[in-house]
Amino acid sequence: MHTTKFTVRAAKRFPSAICRWNSTAVEPPPAGGHLPSIATSQVLRTTRDAALRTPGLSWADEDSSGPSRNIVGGRETRKMNTYQAVRDAMSIALMKDDNAVVFGEDVAFGGVFRCTMGLAEEFGKERVFNTPLTEQGIAGFGIGMALMGHTAIAEIQFADYIYPAFDQLVNEAAKIRYRSGGQYNVGGLTIRTPTMSVGHGGLYHSQSPEGFFMGASGLKVVIPRSPIQAKGLLLGSIRDPNPVIFMEPKILYRSAVEQVPIDDYELPLGKAETLIPGNDLTLLTWGTPVYHCETALHMLSSPSPSMEPLVPTSLRSAKVELIDLRSILPWDVETIVESVNRTGRLVIVHEAGMTAGVGAEISAEVQKRCFLKLNAPVKRVTGWDTPVALQYEKFHIPDAIRVLDALVETLTY
Amino acid sequence: MIRLTAISRQVSRGWAVRGLASSAGHLPNSKSPIVAKLNFFNSVTGSDELIPTYRVLDGVGNPIEGAEIPEINEQYARKLYEHMQLLPTLDNILYSVQRQGKISFYMTAHGEEATIIGSAAALENDDEVLGQYREMGVLLWRGFGLNNVMAQCFGNEEDTSGKGRQMPVHFGSTKHHFHTISSPLATQIPQAAGVAYSLRRTPDRRDRSIAACYFGEGAASEGDFHAGLLLASTIPAPALYIARNNGFAISTPSTEQFYGDGIASRGPGYGIDTVRVDGNDVLAVLGAVREARRRCLEQGRAVLVEAMTYRVGHHSTSDDSFAYRARSEVEDRKRVDNPIARFRLFMESQGWWNAEAEEELKTRLKADVMTAFKRAESLKRAELGELFTDVYGGEQPWNIKEQREELAGLLRKYGEAWEPWKNELKKFKNSGKDLLNQ
């Protein structure tokens, strides 16, 4: 649903527009050193070699009956931002699967975030098309196609506008396999939707509704953090035998850039990825806050002069394990519990509000499984339990300083 | 049973008019006549003709043959024209202000001035309005004022629409009977049915007030459109639905939005009086909406107006419409079908307007807008603590209270040391001290 939608094109014309409010991205760093931002993040794989060695990557163009290989030679990569990687994944899906279609509001001219640019020209209007402005219709239509064994890749223009489709997704897509005794399923359905805040979106362009779908068994929910992840996880989602809601953090569409393998590959659903290993605390997040967490870790180990008095010296060498959850449903309990049993401390960061957010579910399970190993209560750093207010956004969405504070509090508990 | 009767009344009337009523009787419980001939239909006009468009003035401001000019005098016409001109004056300035990064977002109403001002003028100022987002002109007509417009767009401490919480153009004012704009599309349509039903149940308003609900042709694709019109006709409620058919939902042209004959063709499906009007002819809009409003009150039931117009501007400041439509198409429309020029020519033909008046008006409006803009720009945001107010009425729940405390504690700890917060705090009235010193 559009409405007062802004698109990334505004940011293209005014490169600073989207990042301007993003504290970890653009604010002038305090005297004493530059903080990592999305542009300079070590989490992003900016060389061909690093890209091809992405953990968990499986080439989808290899003979599946053969032994699994991890051969880097002979594979090419191309520099892509996240929207280009999403587009690349859909292009591959359309090329390899004649039954695949891409549709949604404004997708024919390329989509408001440019993720479908050129696809209508390349694959024809029968396969890449605009829909009327109806989210419940888009979801239901996709379910219908998936029921017939087709591959429906639908776009809901903003995650904030997914609620009219809630009935179709929660009561239909999630439950069809179960209610039909396994006769029918909508595994061919993937719903892509831009999510999370950009710093100036207000109530209806900033939401992170992943938690609302967490109780809908039968659905999968995936959130990538970068271009390589977006392509691999989206292809994995499209081919997963279950309906998947694939939420793309909109601030990363342009700001996150990596070398992305040009071939067909997948990344596994349901698996978290450890980005930075450590034994003192587990820092768990997904999507945009991955980068705020990275910044916070930098501030913990080498605080600027103004921050120095606020970060105890004893914590400078703390080894924090940063994990990107990637799949929200089902979530990788094994990786998280293994980590927390090792570190004894868990901080969970997400943009959605605290109450009944995804962090609540994870905290409950972790305290059950790691009770005797925990050295501190599980801490959640989240948006407040209010709507996201435009002029107050910088104090609403968790940023690096709030993550840092949680790290200090939890490490010194 | 009541429903069946209602349907049969409509159906039988239609068939009778076309002379197709049969002697074979009708269905039990219905007056739908039995016929032997298999006959599909796909028209609400009963012919191959599309639903006609009501117009008063032609493209150069002359009344078309047989047109009845709605009752207006010079003073009223001037008021209409001034407000039509105020919209682009505000739009041009706020569009540039957004481009300069001083406000986060903006949406213009270029090309839709006649639809918005004409309909605003046809309503009573205390009719309840539920808008979509491009109806700032209704508020201006009701005397909302430039300072309030600017305060909302700048999200400053004087923003009474939403305390800086919403994106620009999300106005709202109980005083002006203008319900606060919500970004999600079409949600206002079923709400208007409820608002109208409540008016019916309010003794001093039941005979004089209606709910006027605006939406675009794109929003009419949402399930909420169908729900809203269904409710306001079935549970009779004086809701006047005004569809601004401006041809585009962001990039999607109306040809890809629906297959049927516009939005108007749907009205009879819900059994409601419907009219299509030339939305670029302010007198036609004024006349049609006045009559629609009268019917709405008289019948106590929904009425649908489809105003045919053209979105000359981009969807919003985030959109560049030349990615999906030719610049020449837009330029042509501005030239041949300009709602403001059309009415100006009419005014001139009446001896009510001339070049001198035009010059004076444009200079004055621009100066007024610039004064309001400069004032708004200098003001701070509301107090930071407003982040946590208004979530609930009555007592605030513990979690909201604790989170407010938590932010206050973080600000005390890091408000000076963490540059991004330090800089941001200065933008708020009292620089966050309402939280820091609590």
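This passage describes two helix–helix contacts, one pocket and one cavity in a predicted model.

In chain A, helix H11 (residues 289-301) and helix H14 (residues 400-411) have axes that come within 8 Å and cross at roughly 55°. Because an angle of this size is neither under 35 degrees nor in the range from 65 to 115, H11(A) and H14(A) are oblique to each other, and H11(A) passes H14(A) in a right-handed crossing. On the side of H11(A), the contact is formed by A:His292, A:Cys293, A:Thr295, A:Ala296, A:Leu297, A:Met299 and A:Leu300, while H14(A) contributes A:Ala400, A:Ile401, A:Val403, A:Leu404, A:Leu407, A:Val408 and A:Leu411. Classified by residue type, this contact of H11(A) with H14(A) comprises 12 nonpolar and 2 polar residues, with no charged residues.

In chain B, the axes of helix H6 (residues 188-200) and helix H7 (residues 223-234) come within 7 Å, with a crossing angle of roughly 15°. Since angles under 35 degrees count as roughly parallel, H6(B) and H7(B) are assigned to that class, and the crossing in which H6(B) passes H7(B) is left-handed. The residues of H6(B) that take part in the contact are B:Ile189, B:Pro190 and B:Ala193, and those of H7(B) are B:Asp224, B:Phe225, B:Gly228, B:Leu229, B:Leu231 and B:Ala232. The contact of H6(B) with H7(B) consists, by class, of 7 nonpolar residues, 1 polar residue and 1 charged residue.

Turning to open space, the second largest pocket encloses about 690 Å³. Its lining is made up of 30 residues, and those nearest the centre of the pocket are B:Pro88, B:Asn92, B:His110, B:Glu113 and B:Lys334. Four helices of chain B, namely H2 (74-99), H9 (327-336), H10 (339-349) and H11 (355-378), are the elements that each give two or more residues to this lining, and H2(B) supplies the largest share, with 7 residues. The lining of the second largest pocket is divided into 10 nonpolar, 10 polar and 10 charged residues.

As for enclosed space, the structure contains 5 cavities of 30 Å³ or more, and the second largest cavity has a volume of about 90 Å³. This cavity is lined by 17 residues, among which B:Gln132, B:Tyr133, B:Gly216, B:Asn246 and B:Phe248 are the closest to its centre. By class, the lining of the second largest cavity holds 7 nonpolar, 6 polar and 4 charged residues.

How values were computed: Residues numbered from 1 in each chain as written. Chains lettered and ligands numbered in written order. Predicted model: local features only at pLDDT ≥ 70, side-chain atom pairs only at ≥ 80, totals over all residues. Heavy atoms only, no water. Axes fitted to C-alpha atoms, helices over the stretch in contact; angles between N-to-C directions. Parallel < 35°, antiparallel > 145°, perpendicular 65-115°, else oblique. Left-handed = near helix turned anticlockwise from the far one by under 90°. Contact = heavy atoms within 4.5 Å. Nonpolar A, V, L, I, M, F, W, Y, C, P; charged D, E, K, R; others polar. 1 Å grid on protein atoms, 1.4 Å probe; cavity = no way out; pocket = protein on both sides within 12 Å on 5 of 7 lines; lining within 4 Å. Points joined across faces, edges and corners; volume = space filled by probe spheres on them.
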